[in-house]
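Trainee: I'm new to this structure and would love a close look at a single part. Could you walk me through the salt bridges, with a word on how sheltered their partners are?

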Amino acid sequence: MPEDRPATSHERAAGRPWDESYQDGPAPWDLGRPQPAIVELAAEGAFRGTVLDAGCGTGENALHLAATGLSIVGIDVAETAVAQAKEKARSRGVAAEFAVGDAFRLSTVDQTFDTVLDCGLFHTFDARERQTYVASLASVTEPGARLHILCFRETDGDAGPHPVSRAELEAPFQRETGWQLETLRDSRIVARFAPDGLPAWLATIRRVDA
């Protein structure tokens with residue numbers, strides 16, 4: 001875990017750090033393959049240039065994108081997950097870079113990105129953390145870059161952990177903070193505890209001049 005990183009709201013509620021989720025076998029959200037929604041998004045040509053996978057876990061989404069020829073960096077606070085991602089890249093012969101990093105301090109990556117993927121990270125933060133996270137994303141993107149977020153969606157039926165309303169998703173991404181929502185559509189997140197998937201948002205947000 002990055003030094004001096006305070007526990008996130010999710011970690012405080014769970015009573016354990018993210019890394020422990022990967023130490024006793026696969027984490028509940030770790031499919032051992034990329035999320036179907038991300039595979040579909042990639043097939044649409046939504047990823048371009050240099051790509052950041054924020055909260056990459058064991059790297060399945062990043063490895064899928066790298067295998068298509070994209071230059072990608074995956075970061076995660078969970079050292080065990082990053083070690084597994086690196087081993088997968090090595091064993092599969094896929095050129096993807098993985099590093100332990102804090103999503104709230106992305107400027108330490110010392111690189112800017114054309115596309116950012118957030119698959120299942122945004123919804124784990126509370127409102128204050130989302131503001132910090134969005135500012136962190138701004139530090140590694142320039143106008144024209146695009147952010148793709150796949151997160152659990154608030155619904156009247158079965159919902160995943162930390163479901164997000166449309167208003168909560170849009171709140172930190174305002175023109176004055178340098179962002180503009182381009183598309184928002186219904187999707188699903190597949191997990192080990194939900195093999196058929198649970199309701200999700202799939203948002204594409206463009207970095208703009210504040």
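Mentor: Happy to! Let's start with a word we will need: a residue is called buried when its relative accessible area is under 20%, exposed when that area is over 50%, and partly exposed in between. Keep in mind that this is a predicted model.

To practise the term, take helix α5, residues 127-138. Its buried residues are Glu129, Arg130, Tyr133, Val134, Ser136, Leu137 and Ala138. The helix has twelve residues and spans 17 Å from its first C-alpha to its last, close to the 16 Å expected. At its N-terminal end sits a cap, Asp126, with a side-chain oxygen 3.2 Å from the backbone nitrogen of Arg128.

Now to the salt bridges. The count for the model comes to nine, and three pairs make a good tour.

The first pair is Asp102 and Arg105, whose side chains meet with N and O 3.8 Å apart. Asp102 is buried, because its relative accessible area is 7%. Arg105, at 37%, is partly exposed.

The second pair belongs to a helix. Glu170 and Arg166 form a salt bridge with an N to O distance of 2.8 Å. Both residues lie in α6, residues 166-170, where they are four residues apart, about one turn of the helix. Why does that spacing suit a pair of side chains? An α-helix has 3.6 residues a turn, so residues three or four places apart point the same way. Glu170 is partly exposed, with a relative accessible area of 28%, and Arg166 is partly exposed too, at 45%.

The third pair links two strands. Glu182 and Arg206 form a salt bridge, with their closest N and O atoms 3.0 Å apart. Glu182 lies in strand β6 and Arg206 in strand β7, residues 194-207, so this pair ties together parts that are 24 residues apart in sequence. Glu182 is partly exposed at 34%, and Arg206 is partly exposed at 25%. Beyond single pairs, Glu60, Lys88 and Arg92 are joined into one network by salt bridges that share partners.

Strand β6 also takes us to one last stop, the largest pocket. With three residues, β6 gives the most to its lining. The pocket holds about 760 Å³ of space, and 45 residues line it, with Trp18, Tyr22, Trp29, Cys119 and Gly120 nearest its centre. By class, the lining has 23 nonpolar, 14 polar and eight charged residues.

Terms used:
Residues numbered from 1 in each chain as written. Predicted model: local features only at pLDDT ≥ 70, side-chain atom pairs only at ≥ 80, totals over all residues. Heavy atoms only, no water. Helix = DSSP H or I, 4+ residues; strand = E, 2+ residues; numbered from the N terminus. Expected span 1.5 Å × (residues − 1). Buried < 20%, exposed > 50% of the residue type's maximum accessible area, 1.4 Å probe, protein only. Polar contact = N/O pair within 3.5 Å; in protein donor to acceptor, adjacent residues only side chain to side chain. 1 Å grid on protein atoms, 1.4 Å probe; cavity = no way out; pocket = protein on both sides within 12 Å on 5 of 7 lines; lining within 4 Å. Points joined across faces, edges and corners; volume = space filled by probe spheres on them. Nonpolar A, V, L, I, M, F, W, Y, C, P; charged D, E, K, R; others polar. Salt bridge = Lys/Arg side-chain N within 4 Å of Asp/Glu carboxyl O.
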